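Colleague: I'm still new to reading folds, and I'd like a close look at one part of this model. Could you take me through how the sheets are put together, and set them in the chain around them?

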Amino acid sequence: MKEKLLTDLFQPVIEDLGFQLWGVEYMPQKNNAILRVFIDHENGVNVNDCARCSHELSGLLEVEDPISGAYVLEVSSPGMDRVLFSTEQFKRYIGEFVQVKLAQPVLGARNIKGTIKAVNDEQIVVANEVTEYEFEMTNVMKARLKPSFGGVKK
């Protein structure tokens, strides 16, 4: 999987710059692939931080050349509606509202919205008013936090 290779390549560089690598998305497209790298820091991330990381990663990508063909590198903060890439990240947001797209349906559903109830090893439980969905991290195609503003969940 390309994301795993890129994560392993980028992590030490980003940590050396004082940031946490939140996740990597690689999206091949017809003409240009998009490579998104999300960085985080306990004090937040600003545009200069992203530029610094982008500069370092560009140099690394030049040397290592892990992507054939053209691509666009984007470095950003994960934001409030952050994508969740691992069970550790799900664990960090137990009790929060999340939207999950699954590769294989669970209880007949592939698109789930609900609250993260529990995370054990690779098992994740998300519950809504109707039911609880239990699935493995390997079944998650994409998961994104849905922050509430003033108590209203989007």
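Modeller: Sure, let's start wide and then zoom in. Keep in mind that this is a predicted model. The chain has three helices and 10 strands. If you walk along the sequence, you meet them in the pattern α-β-β-α-β-α-β-β-β-β-β-β-β. The C-alpha atoms fill a box of roughly 50 × 35 × 30 Å along the principal axes, and buried residues make up 40% of the 154 residues.

Now for the sheet with helices packed on it. Three strands form an open sheet here, in the order S1-S2-S3, and the pairing is mixed. Strand S1 (20–27) and strand S3 (71–76) stand at the edges with a single partner strand each, so one side of each has no neighbour in the sheet. From one strand to the next, the twist averages 15°. Look at the S1 and S2 pair: S2 covers residues 33–40, and the two strands run antiparallel, joined over seven bridges. To find one of those spots on your screen, pick Met-27, whose bridge partner in S2 is Ile-34.

Next, add the helices. Helix H1 (residues 2–16) packs on this sheet and touches S1 and S2. The direction of H1 makes about 145° with that of S1. Helix H2 (residues 47–64) also packs on the sheet, but H2 touches S2 and S3. The angle between the directions of H2 and S3 is about 145°. Notice that S2 is touched by H1 and by H2.

Further along the chain comes the other sheet I'd like you to see. This open sheet has five strands in the order S7-S6-S5-S4-S8, with antiparallel pairing. Which strands stand at its edges? They are strand S7 (132–136) and strand S8 (140–145), and each has a single partner strand, so one side of each is left without a neighbour in the sheet. The twist here averages 40° from one strand to the next.

Let's go through the middle of that order, beginning with S4 and S5. Strand S4 (residues 97–106) and strand S5 (residues 109–120) pair in the antiparallel sense over six bridges. One place to check this is Gln-99, whose bridge partner in S5 is Lys-113. The hairpin of S4 and S5 has two residues between the strands, and Leu-107 takes a positive phi near 55° there.

S5 also pairs with strand S6 (residues 123–127): five bridges join them, and they run antiparallel. Try Thr-115, which has Ala-127 as its bridge partner in S6. Ala-118 stands opposite Val-125 in S6. The hairpin of S5 and S6 has two residues between the strands as well, and in this one Asp-121 takes a positive phi near 50°.

While you're scrolling along any of these, here's a handy rule. In a regular strand, side chains alternate between the two faces of the sheet.

Finally, step back to the whole chain. Of the contacts between residues at least 6 apart in sequence, 54% join residues at least 24 apart. The chain exposes about 9100 Å², with carbon and sulfur atoms supplying 47% of it. As for charge, there are 17 positive and 22 negative charges, and their mean positions are 9 Å apart.

Definitions and conventions: Residues are numbered from 1 along each chain as its sequence is written. This is a predicted model: local features need pLDDT of at least 70, side-chain atom pairs count only at pLDDT 80 or more; totals for chains, interfaces and linings use all residues. Side-chain values use heavy atoms; hydrogens and water are left out. Helices (H or I, at least four residues) and strands (E, at least two) are DSSP runs, numbered from the N terminus. Buried means under 20% relative accessible area, exposed over 50%, partly exposed in between (1.4 Å probe, protein chains only). Contact means heavy atoms within 4.5 Å. Accessible areas come from the Shrake-Rupley method with a 1.4 Å probe; for residues, only the protein chains shown count as cover. Lys and Arg count as positive and Asp and Glu as negative; His and the chain ends are not counted. The place of a charge is taken as NZ of Lys, CZ of Arg, CG of Asp or CD of Glu. Two strands pair if DSSP finds at least two bridges between them. Axes are lines fitted to C-alpha atoms, for helices over the stretch in contact, and angles run from 0 to 180 degrees between N-to-C directions.
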